[in-house]
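Colleague: Got a minute? I'd like to go through this structure with you.
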Amino acid sequence: MKLLHPGEVTFAVVAENSTREPHRLTASSIGLAIPSDRSTYGYLSEHHSFGEPDNIAGEYAEELAAEMLATTLDVEFDSDKSWDEKKEIYRISNKIVRTTNVTQTAVGDKRGLWTTVMAAAILVFE
């Protein structure tokens, strides 16, 4: 927040989901895939769903970001074969990729009022 100034325009990736169905679980997630080689770019993904707890929605968003990063690198990606469970990293064409997510879930209001969840990644450049 210290790098942002009032009125400044920023780039953002936003995932948003809403429901007015009572007790319906809703999720929004941003996934991030970061290559260990800092001279290359990473990838952000957005995911929004119903009925998924935060850990499932977040894992899916991370997998999606890793898959899309592999696509931009023009390499094959199989999430089951690429995942190193012990180290909790993806290996894409012998390149190590770390992933993370920001996820928010909520249960729809019991009276049917609108319930909204949102996750965002704001890009700040120096």
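Modeller: Sure, let's take strands, a helix, salt bridges and a surface patch in turn. Keep in mind that this is a predicted model.

Colleague: Is strand S2 mostly covered or mostly open?
Modeller: Mostly covered. S2 spans residues 25-35, and eight of its eleven residues are buried.

Colleague: How many bridges join S2 to strand S3?
Modeller: Eight. The two strands run antiparallel, and S3 covers residues 43-50. Take Leu32: its bridge partner in S3 is Leu44.

Colleague: Now the helix. What span should H1 have?
Modeller: H1 has 19 residues, 54-72. At 1.5 Å a residue, the expected span is 27 Å. The end C-alpha atoms are 27 Å apart, so the two agree.

Colleague: Which residues of H1 are buried?
Modeller: Among them are Ala57, Ala61, Ala65 and Leu69. Gly58 and Glu62 are buried too.

Colleague: Why might buried positions come three or four places apart?
Modeller: An α-helix has 3.6 residues a turn, so residues at that spacing point the same way.

Colleague: And what follows H1?
Modeller: Asp74 does, with a positive phi near 60 degrees.

Colleague: Switching topic. How many salt bridges are there?
Modeller: Two in the whole structure. Arg24 pairs with Glu21, with the closest N and O atoms 3.5 Å apart. Asp109 pairs with Arg111, at 3.2 Å.

Colleague: Are Asp109 and Arg111 buried or exposed?
Modeller: One of each. Asp109 has 18% relative accessibility, so Asp109 counts as buried. Arg111 is exposed, at 62%.

Colleague: Last one: which residues make the nonpolar surface patch?
Modeller: Leu3, Ile122 and Val124, over about 250 Å². Leu3 sits in the segment before strand S1. Leu3 is exposed, at 52% relative accessible area.

Methods:
Residues are numbered from 1 along each chain as its sequence is written. This is a predicted model: local features need pLDDT of at least 70, side-chain atom pairs count only at pLDDT 80 or more; totals for chains, interfaces and linings use all residues. Side-chain values use heavy atoms; hydrogens and water are left out. Patches are made of residues with over 30% relative accessible area and no salt bridge: like charges are joined within 9 Å, nonpolar side chains (Val, Leu, Ile, Met, Phe, Trp, Tyr) within 5 Å. Accessible areas come from the Shrake-Rupley method with a 1.4 Å probe; for residues, only the protein chains shown count as cover. A salt bridge is a side-chain nitrogen of Lys or Arg within 4 Å of a carboxyl oxygen of Asp or Glu. Helices (H or I, at least four residues) and strands (E, at least two) are DSSP runs, numbered from the N terminus. Buried means under 20% relative accessible area, exposed over 50%, partly exposed in between (1.4 Å probe, protein chains only). Two strands pair if DSSP finds at least two bridges between them. The expected span of a helix is 1.5 Å times one less than its number of residues.
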